[in-house]
Amino acid sequence: EKLKLAPKGFPKDFLDIDLLKYKSYAVLHPVSNEFWIEKNVVDEVMKVYKTQNNFNKFLNRAIENIEE
């Protein structure tokens with residue numbers, strides 16, 4: 001789902017305005033079946049989690065700045 005108009009506060013000619021119109025985002029990291037049986041699977045899962053967590057923190061900061 002996308003908003004029809006740009007979010008408030010953004011100029012209509014903003015470079016990535018279409019990305020800002022989405023109502024939700026999903027972060028994906030595809031892995032092979034073999035990924036789950038590797039010796040260091042926990043370490044690899046944590047790397048992915050940390051990357052996704054940083055993205056989530058970025059989005060949360062953006063929302064907090066809008067609400068202020």
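V27 is placed in the loop between α1 and α2, where helices are DSSP runs of H or I with at least four residues and strands are E runs of at least two, numbered from the N terminus. This is a predicted model, in which local features need pLDDT of at least 70 and side-chain atom pairs count only at pLDDT 80 or more, while totals for chains, interfaces and linings use all residues. Residues are numbered from 1 along each chain as its sequence is written, and side-chain values use heavy atoms, with hydrogens and water left out.

**V27 and its patch**

Let's stay with V27 for a moment. V27 counts as partly exposed because its relative accessibility is 39%; here buried means under 20% relative accessible area, exposed means over 50%, and partly exposed lies in between (1.4 Å probe, protein chains only). Leaving out residues up to four places away in sequence, V27 touches Q52 and F55, contact meaning heavy atoms within 4.5 Å. N40 is another useful landmark: V27 and N40 are 13 residues apart along the chain, and their C-alpha atoms are separated by 22 Å.

Which residues make the nonpolar surface patch of about 570 Å²? V27 is one of them, together with L19, Y22, Y25, F55 and F58. Patches are built from residues with over 30% relative accessible area and no salt bridge, joining like charges within 9 Å and nonpolar side chains (Val, Leu, Ile, Met, Phe, Trp, Tyr) within 5 Å. The accessible areas come from the Shrake-Rupley method with a 1.4 Å probe, and for residues only the protein chains shown count as cover. F58 has its place in helix α2 (residues 41–67), and F58 is partly exposed because its relative accessible area is 47%.

Y22, also in the patch, has a charged partner as well. The charged end of K2 sits over the ring of Y22, 4.7 Å from its centre; the rule asks for NZ of Lys or CZ of Arg within 6 Å of the ring centre and within 35 degrees of the ring normal.

**Salt bridges**

How many salt bridges does the structure hold? There are 3 salt bridges, each defined as a side-chain nitrogen of Lys or Arg within 4 Å of a carboxyl oxygen of Asp or Glu.

| Salt bridge | Closest N and O atoms |
|---|---|
| E1 with K23 | 3.3 Å apart |
| K21 with D18 | 4.0 Å apart |
| E44 with K47 | 3.2 Å apart |

E1 and K23 form a salt bridge that links distant parts of the chain: E1 lies in the segment before α1 (17–20) and K23 in the loop between α1 and α2, 22 residues apart. E1 counts as exposed because its relative accessibility is 74%.

Is K21, in the second row, buried or exposed? K21 is buried, with a relative accessible area of 17%, while its partner D18 counts as partly exposed at 44% relative accessibility. K21 sits in the loop between α1 and α2. Setting aside residues up to four places away in sequence, K21 touches E1, K2, L3, K4, L5 and A6. Two of these names have appeared already: E1 is the salt-bridge partner of K23, and K2 places its charged end over the ring of Y22.

For the third pair, why are E44 and K47 separated by about one helical turn? They are so placed because they are 3 residues apart in helix α2. K47 is exposed, with a relative accessible area of 51%.

**Aromatic pairs**

A pair of aromatic rings is described by the distance of the centres and the angle of the planes. Rings of Phe, Tyr and Trp (its six-membered ring) pair if their centres lie within 6.5 Å; planes under 30 degrees apart count as stacked, over 60 as edge-to-face and the rest as tilted. By this rule the model has 3 aromatic pairs. Among them, F10 and F14 form an edge-to-face pair, 5.3 Å centre to centre with 70° between the planes. F10 is partly exposed at 32% relative accessible area, and F14 counts as partly exposed at 34%.

F35 and W36 are edge-to-face because their ring centres are 4.9 Å apart and their planes are at 85°. F35 is buried, with a relative accessible area of 10%, whereas W36 counts as exposed at 53%.

Back to F10, which is found in the segment before α1. Apart from neighbours within four places in sequence, F10 is in contact with I17 and L20. F10 and F55 are 45 residues apart in sequence and 21 Å apart in space, C-alpha to C-alpha.
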